[in-house]
Amino acid sequence: MPGVLSVLIVDDDPSMGRLMADLVVAGGGAVCDIAGSGEAALDTLATVSCPDLVLLDVNLPGIDGIETAHRMLARWPALRVVLTSTEALADLPADLLDGGVSEFVPKVELGPDRVGALLAG
C-alpha cells in the first residue's frame with residue numbers, strides 16, 4: 001500500500017510490543033516485525049527490507065537500545081529511529097540522542113496522536 005509506513009518495534013515486554021503495534025496500525029502504519037531484543041532487531045533488519053521507522057526501547061536485555069540504535073544507524077543511516085522508555089529523559093544516559101537517533105518519546109506519551117505524528121514524520 002503506497003504511503004503506508006512500515007515500523008519495526010523493539011521491546012522486551014511482549015504486551016508493550018503488542019500495544020505499540022496496535023497504535024501503529026491505528027495511526028495508519030504497518031508493523032513489519034516486533035523484536036524482543038536489540039540482537040533480534042538487527043537480525044530482522046539484515047534479512048528484510050528496512051522499515052521506515054523503528055520504535056526502540058532503551059532498556060533491553062543483551063545490547064541496550066542505545067547501542068542497538070548506534071549499530072542500526074551505522075549500517076542504515078537513513079533509518080528513522082525513535083527511542084522509548086518508561087524512564088524520563090533526564091534519568092537516561094547523556095548520549096541517548098547521539099549518532100543520528102531521531103528523537104526520544106517517553107512510553108507514557110505513546111498514544112494514538114503521538115504515534116500518528118511519528119508516522120507523519
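## I63 and its surroundings

Let's start with I63, which counts as buried because its relative accessibility is 14%, under the 20% cut-off for that label. Keep in mind that this is a predicted model. You'll find I63 in the loop between β3 and α3 (65-75).

Who does I63 touch? Leaving out its neighbours within four places in sequence, I63 is in contact with G38, E39, L42, T68 and R71. For a sense of distance, take S15: it sits 48 residues from I63 in sequence, and the two C-alpha atoms are 20 Å apart in space.

## Helix α3 and its two faces

Move along the chain to the start of α3, where a side-chain oxygen of D64 comes to within 3.1 Å of the backbone nitrogen of I66.

Which residues of α3 are buried? They are G65, I66, T68, A69, M72 and L73. These buried residues span an arc of only 160 degrees around the axis, so they lie on the same side of α3. Here's a handy bit of background: an α-helix has 3.6 residues a turn, so residues three or four places apart point the same way. On the face turned away from the buried side, you'll see the exposed residues A74 and R75.

And what does the buried side pack against? Its partners are β1, α2 (38-47), β3 and β4 (80-85).

## The nonpolar cores

Now for the inside. The largest nonpolar core has 23 residues, and the ones with the most contacts inside it are V10, V54, L56, M72, L79, V81 and L83. The elements giving two or more residues to this core are β1, α2, β3, α3 and β4. Which of them gives the most? That's α3, with 4 residues.

V10 is a good one to click on. Not counting residues up to four places away in sequence, V10 touches A35, S37, G38, A41, V54, L55, L56, D57, L60 and M72. Apart from the largest core lies another one, made of 15 residues, including M16, V24, V82 and L110.

## Salt bridges

How many salt bridges does a search of the whole structure find? It finds 5. One of them pairs K107 with D11, with the closest N and O atoms 2.6 Å apart. This pair connects distant parts of the chain: K107 is in the loop between β5 (103-106) and α4 (112-120), while D11 is in the loop between β1 (6-10) and α1 (14-26), 96 residues away. Both K107 and D11 are buried.

K107 also forms a salt bridge with D57, and here the closest N and O atoms are 3.4 Å apart. Again, distant parts of the chain are linked, with D57 in strand β3 (residues 53-57) and K107 50 residues away in the loop between β5 and α4. D57 is buried as well.

Then there's E103 and R114, whose side chains meet in a salt bridge at 2.7 Å, N to O. E103 belongs to strand β5 and R114 to helix α4, 11 residues apart. Are these two buried, exposed or in between? E103 counts as partly exposed because its relative accessibility is 25%, and R114 is partly exposed too, at 25%. Back with the other pairs, salt bridges that share partners join D11, D57 and K107 into one network.

Conventions. Residues numbered from 1 in each chain as written. Predicted model: local features only at pLDDT ≥ 70, side-chain atom pairs only at ≥ 80, totals over all residues. Heavy atoms only, no water. Salt bridge = Lys/Arg side-chain N within 4 Å of Asp/Glu carboxyl O. Buried < 20%, exposed > 50% of the residue type's maximum accessible area, 1.4 Å probe, protein only. Contact = heavy atoms within 4.5 Å. Arc of directions from axis to C-beta. Polar contact = N/O pair within 3.5 Å; in protein donor to acceptor, adjacent residues only side chain to side chain. Core = buried A, V, L, I, M, F, W, Y, C linked by side-chain atoms within 4.5 Å.
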